[in-house]
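Trainee: Got a few minutes to go through some helices with me? I'd like to see the model first.

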Amino acid sequence: MDSLDQALDQPLGGAEFAPKKTYLNTSTCGLMPRRTVEAVTLLAQETADGRPGGSGSFEIVDEARATFARLVGTAPERVAVGSSVAVHCGMIAQSLPAGSEVLFPEGDFSSVITPFTIRGDLKVRFAPLERLAASVRPETDLVALSAVQSADGRTADLAAVREAAAAHGARTLLDATQTAGWLPLRAGEWDYTVAGGYKYLLCPRGASFLTVTEEAQDSLLAIHANWVTGEDRWVNSYGPVRELARSARRFDEPMAFLSYHGAARSLALLEEVGIERIEVHNKGLAARFRAGLRSLGHEPVADDSTVVAVPGLGDRADALERAGVLLSARAGNLRASFHLYNTTADVDRALDVLGG
């Protein structure tokens with residue numbers, strides 16, 4: 001057994017996780033660390049008892065904002081918080097001038113696409129993922145894509161997409177929901193990034209993050225501006241907000257404090273472990289699973305992401321669940337997704353059930 005295999009025998013995160021089943025389904029929902037559960041429980045109890053500061057802390061929300069910024073290589077001033085990817089994408093979609101052309105990969109996640117298609121006055125095009133960069137043209141105003149495809153785990157050629165967009169003057173929107181938390185990201189390389197927090201970021205559902213470059217901020221309309229988006233929150237309770245925040249905080253939704261009190265703890269754990277370390281761990285487990293699938297006569301989708309899809313095996317998900325192994329069925333694929341709490345024992349258990 002080599003050193004990598006030995007490292008993969010142990011989960012990252014220590015005693016923060018204690019799944020009761022073989023859980024290989026982070027692309028659907030990540031497991032919450034113990035510290036996160038404790039933080040949410042504490043705030044819920046304090047709120048039930050009558051908390052002097054109301055239902056949560058803006059300081060803790062800003063702590064989560066700052067930690068997320070460090071994880072994705074940007075400044076806290078470039079991060080907005082919200083509740084979902086769809087809401088962030090909706091704001092970007094509603095800010096585009098009528099007639100703007102938006103380019104997507106075929107079959108990308110609907111929450112990225114639909115906020116644009118419902119406008120009715122935008123030009124929407126689709127291209128195969130492998131030809132996305134080549135499909136950018138001078139008329140293209142925005143290229144929107146997921147870093148890893150939810151249905152089958154394929155990874156886009158992100159550098160090529162950025163280069164093509166820059167060459168034609170198009171802005172870029174990257175959905176990092178399936179990568180933030182395990183794949184290093186430099187958010188400032190994209191005009192916008194969005195990330196749902198409840199998958200690889202290990203946050204409670206209801207926490208999500210939007211990054212906006214300073215240049216792109218000028219063309220984004222704060223369509224859900226509210227009292228918390230003011231430069232000075234505490235003078236905006238009544239009447240119109242006097243001045244929107246000069247930073248990306250102008251795009252904040254009113255935050256769900258329970259989610260963000262938990263998010264601050266989850267993001268801190270990821271920072272402690274290290275995204276680069278998690279990437280090596282996750283990819284090592286995914287590679288072991290791909291090799292095992294091939295030994296069983298199944299051919300997974302070719303990629304090296306932490307998401308592994310096997311065409312035609314989606315109907316095996318229920319049998320795996322009955323055996324205590326949780327995966328997903330997506331677009332006819334059996335989809336496994338590995339994260340820091342998984343080990344080689346989880347991989348081998350899934351292969352044993354599939355081979356049995």
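Mentor: Sure. One definition to start: the expected span of a helix is 1.5 Å times one less than its number of residues. And keep in mind that this is a predicted model.

Trainee: Okay, how far does helix α2 reach from its first C-alpha to its last?
Mentor: Helix α2 covers residues 34–49, so 16 residues, and at 1.5 Å a residue the expected figure is 22 Å because one less than the number of residues is what counts. The reach in the model is close to that, at 22 Å.

Trainee: Which residues of α2 are buried, and why do they sit on the same side?
Mentor: An α-helix has 3.6 residues a turn, so residues three or four places apart point the same way. The buried ones in α2 are Thr36, Ala39 and Leu43. They sit on the same side of α2 because they cover an arc of only 65° around the axis.

Trainee: And which exposed residues are on the face of α2 turned away from the buried side?
Mentor: Exposed here means over 50% relative accessible area. On that face, the exposed residues are Glu38, Leu42, Ala48 and Asp49.

Trainee: Switching to α4 and α5, at what angle do they pack?
Mentor: Helix α4 is residues 85–95 and helix α5 is residues 110–117, with axes 8 Å apart. α4 passes α5 in a right-handed crossing. The packing angle is about 30°.

Trainee: How many residues of each class make the contact of α4 with α5?
Mentor: From α4 there are Val85, Ala86, Cys89, Gly90, Ile92 and Ala93, and from α5 Ser111, Val112, Pro115 and Phe116. Gly counts as polar here. By class, that contact has eight nonpolar, two polar and no charged residues.

Conventions
Residues numbered from 1 in each chain as written. Predicted model: local features only at pLDDT ≥ 70, side-chain atom pairs only at ≥ 80, totals over all residues. Heavy atoms only, no water. Axes fitted to C-alpha atoms, helices over the stretch in contact; angles between N-to-C directions. Helix = DSSP H or I, 4+ residues; strand = E, 2+ residues; numbered from the N terminus. Left-handed = near helix turned anticlockwise from the far one by under 90°. Contact = heavy atoms within 4.5 Å. Buried < 20%, exposed > 50% of the residue type's maximum accessible area, 1.4 Å probe, protein only. Arc of directions from axis to C-beta.
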